[in-house]
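Open the model in your viewer and keep the selection tool ready. The tour below goes from stop to stop, saying what to select and what is there.

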Protein chains: 2
Amino acid sequence: MAEVIEIDDPADPRVDDFRDLKNADRRPDLPGRKGLVIAEGAVVVRRMLDSRFAPSGLLGVARRYTELAEDLTARDIPYYRTTAEVMAEVVGFHLNRGVLAVARRPAPLTMDEVTEHAHTVAVLEGVNDHENLGSMFRNAAGLGAQAVLFGDRCADPLYRRSVRVSMGHALRVPFASVPDWPNGLDTLRRKGFQIIALTPNPTAPTLASAMTGERVALLLGAEGPGLTEEAMRATDIRARIPMSPGTDSLNVATAAAMAFYERVRIS
Amino acid sequence: MAEVIEIDDPADPRVDDFRDLKNADRRPDLPGRKGLVIAEGAVVVRRMLDSRFAPSGLLGVARRYTELAEDLTARDIPYYRTTAEVMAEVVGFHLNRGVLAVARRPAPLTMDEVTEHAHTVAVLEGVNDHENLGSMFRNAAGLGAQAVLFGDRCADPLYRRSVRVSMGHALRVPFASVPDWPNGLDTLRRKGFQIIALTPNPTAPTLASAMTGERVALLLGAEGPGLTEEAMRATDIRARIPMSPGTDSLNVATAAAMAFYERVRIS
């Protein structure tokens, strides 16, 4: 493990990237306009270390560095070690996960890059809830979907809470924006993706019967409003998850999980 | 709609059931030891009105009563109407859902009662997270599972946050404790339930191949520790959801949703 730098003074400028995290995304002085990418806790820090988001520094308590020792070996990153109290003062609240990593955003990936070898992808429209986005990435990673694509009006998957809820998989499952939404879906179609919209419509065919493509792109909208008619029209087929009457639609990340599961259930 | 009672004074004792909600479950003076059951927001209040949890009172702002007018017709419950400000003072925080209902807990149901006509049930062990429990009930309702059973060390499904996250379905999907855990599972077996434990073990058969019973009880443990060996031994078969290597287990409510989905996917 590389050199550890002890931090005793919460005002130390070397830990400025970790300062006042609740407000950090409002700071216009930071690169990338949307702020830094923060990983919280040993599990997520480990996933960041293993991703294209190269951390520029870590801040944590001794015990967490012991846990991470093997992962940190031979990496040339500053490890700021401090107490839980100083850490809370820097960050602005008490963090019981005890370790943070921070990374600058690399250049965004393109739709072509993230779909090149993919056979199951989620395409989201209007999903503006950070926790739902995080769960989406966790479910994609767990159930073998290879990419997440963003249409209009989605939240930032790299927001701290998304990354945390995703268990760090927002840093690992590649994502990209669909250019010229929703017309850019044509590009996916030309690559051989069957484009399926999930709909609550009880007269639509079931997902199990509709999902016939070798490659599948699943369109999901936010709970409540669902997909726009424009996005629906850009798909090949609309399919439903069999739901009980009189209930609400499923959470969007859970609905996506059903679709991912349908792809792998007998594998 | 029955008589509306205007509340101007936050100290009015008639709204004591809604007072200081964040601490209410610690109040030993309330019946049932675990406090009252609270429904938040028009959707959840509507589900409470339509459940075995008969509300003893409502507190809300005028606009929400307008929304609920049809549901409240001919019900003999006090409707306390007030402003958002007075409501926040009573409750102890600002509630943007604008309406609450409160009910006393009825006698618990028995495992026999809740499983009598069920063909898909979830059985939980050690699921002590209120949000996960809420999501479990939402997914059970949406995907047609008919009951939730509790083994040891589960949280209270009637806690305010569980009820809210469940969208009120914790009040509608019946639940009961398994007596003499895990031996009580034998009773389910004698009723013809196939008892399946979900396991992360990659050598186990898939859920899709293992789930052959007409009636199915799905055992799920908490993320991380999973099911105890004792509970595992009380099952008929252990089955897995196909997962990608190097990922975490799914959230317990999402894992349950996969299993519920497997039961209804071609319906």
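**Stop 1: an exposed arginine and its partner**

Select Arg153(A): with a relative accessible area of 53%, this residue is exposed. The model is a predicted one. Now add Glu125(A), whose side chain meets that of Arg153(A) in a salt bridge, at 3.9 Å from N to O. The pair links distant parts of the chain, 28 residues apart. Arg153(A) is in the loop between strand E7 (147–150) and helix H7 (160–165) of chain A, while Glu125(A) is in strand E6 (residues 120–125) of chain A. Is Glu125(A) buried or exposed? Its relative accessibility is 3%, so Glu125(A) counts as buried.

**Stop 2: a second salt bridge in chain A**

Select Asp236(A) and Arg189(A) next. They form a salt bridge in which the closest N and O atoms are 2.7 Å apart. Asp236(A) sits in the loop between helix H10 (229–233) and strand E11 (237–239) of chain A, and Arg189(A) in helix H8 (residues 185–190) of chain A, so the salt bridge ties together parts that are 47 residues apart in sequence. Asp236(A) is partly exposed, at a relative accessible area of 40%. Arg189(A) is partly exposed too, with a value of 28%.

Still in chain A, select Glu40(A), Arg160(A) and Arg164(A). A network of salt bridges links these residues.

**Stop 3: the loop after helix H10 in chain B**

Move to chain B and select Ala234(B). This residue is placed in the loop between helix H10 (229–233) and strand E11 (237–239) of chain B. Its relative accessibility is 17%, and a residue is called buried under 20%, so Ala234(B) counts as buried. What does Ala234(B) touch, not counting residues up to four places away in sequence? Show Pro182(B), Leu185(B), Arg189(B) and Ile195(B): these are its contacts. For a distance, pick the C-alpha atoms of Ala234(B) and Asp186(B). They are 7.8 Å apart in space, and the two residues are 48 apart in sequence.

Then select Arg238(B) and Glu229(B), whose side chains meet in a salt bridge at 3.4 Å, N to O. Arg238(B) is partly exposed, with a relative accessible area of 33%, and Glu229(B) is partly exposed at 45%. Over all chains, the count comes to 38 salt bridges.

**Stop 4: helix H11 of chain A**

Return to chain A and select residues 252–264, which make up helix H11. At 1.5 Å a residue, these 13 residues should span 18 Å; the end C-alpha atoms are 19 Å apart, which agrees. At the start of H11(A), look at Asn251(A): one of its side-chain oxygens reaches to within 2.7 Å of the backbone nitrogen of Ala253(A).

How many of the 13 residues of H11(A) are buried? The number is 12, so the helix is largely enclosed by the rest of the structure. Among the buried residues are Val252(A), Met258(A), Phe260(A), Tyr261(A), Glu262(A) and Val264(A).

**Stop 5: where the chains meet**

Keep Glu262(A) selected and add Arg265(B). They form a salt bridge, with the closest N and O atoms 2.6 Å apart. Between chain B and chain A the count is 6 salt bridges, and 18 residue pairs are in polar contact. Helix H2 (42–49), helix H6 (130–143), helix H9 (207–210) and helix H11 (252–264) of chain B are the elements that give two or more residues to the side of chain B that touches chain A. H11(B) provides the largest share of that side, 6 residues.

Now select the whole contact, with 34 residues from chain B and 34 residues from chain A. The two chains bury about 2,700 Å² between them, 48% of it on carbon and sulfur atoms. Which residues of chain B lose the most area to chain A? They are Arg138(B), Tyr261(B) and Arg265(B), which together account for 23% of what that side buries.

**Stop 6: the two copies**

Finally, show both chains in full. A turn of 180 degrees, with a shift of 0.0 Å along the axis, lays chain B on chain A with an RMSD of 0.0 Å. The two copies are thus related as by a two-fold rotation axis. Of the interface residues of chain B, 100% are also interface residues in chain A, so the copies meet through the same surface.

Key
Residues numbered from 1 in each chain as written. Chains lettered and ligands numbered in written order. Predicted model: local features only at pLDDT ≥ 70, side-chain atom pairs only at ≥ 80, totals over all residues. Heavy atoms only, no water. Least-squares fit on C-alpha atoms with pLDDT ≥ 70 in both. Contact = heavy atoms within 4.5 Å. Helix = DSSP H or I, 4+ residues; strand = E, 2+ residues; numbered from the N terminus. Buried < 20%, exposed > 50% of the residue type's maximum accessible area, 1.4 Å probe, protein only. Expected span 1.5 Å × (residues − 1). Polar contact = N/O pair within 3.5 Å; in protein donor to acceptor, adjacent residues only side chain to side chain. Buried area = accessible area lost by both parts, 1.4 Å probe. Salt bridge = Lys/Arg side-chain N within 4 Å of Asp/Glu carboxyl O.
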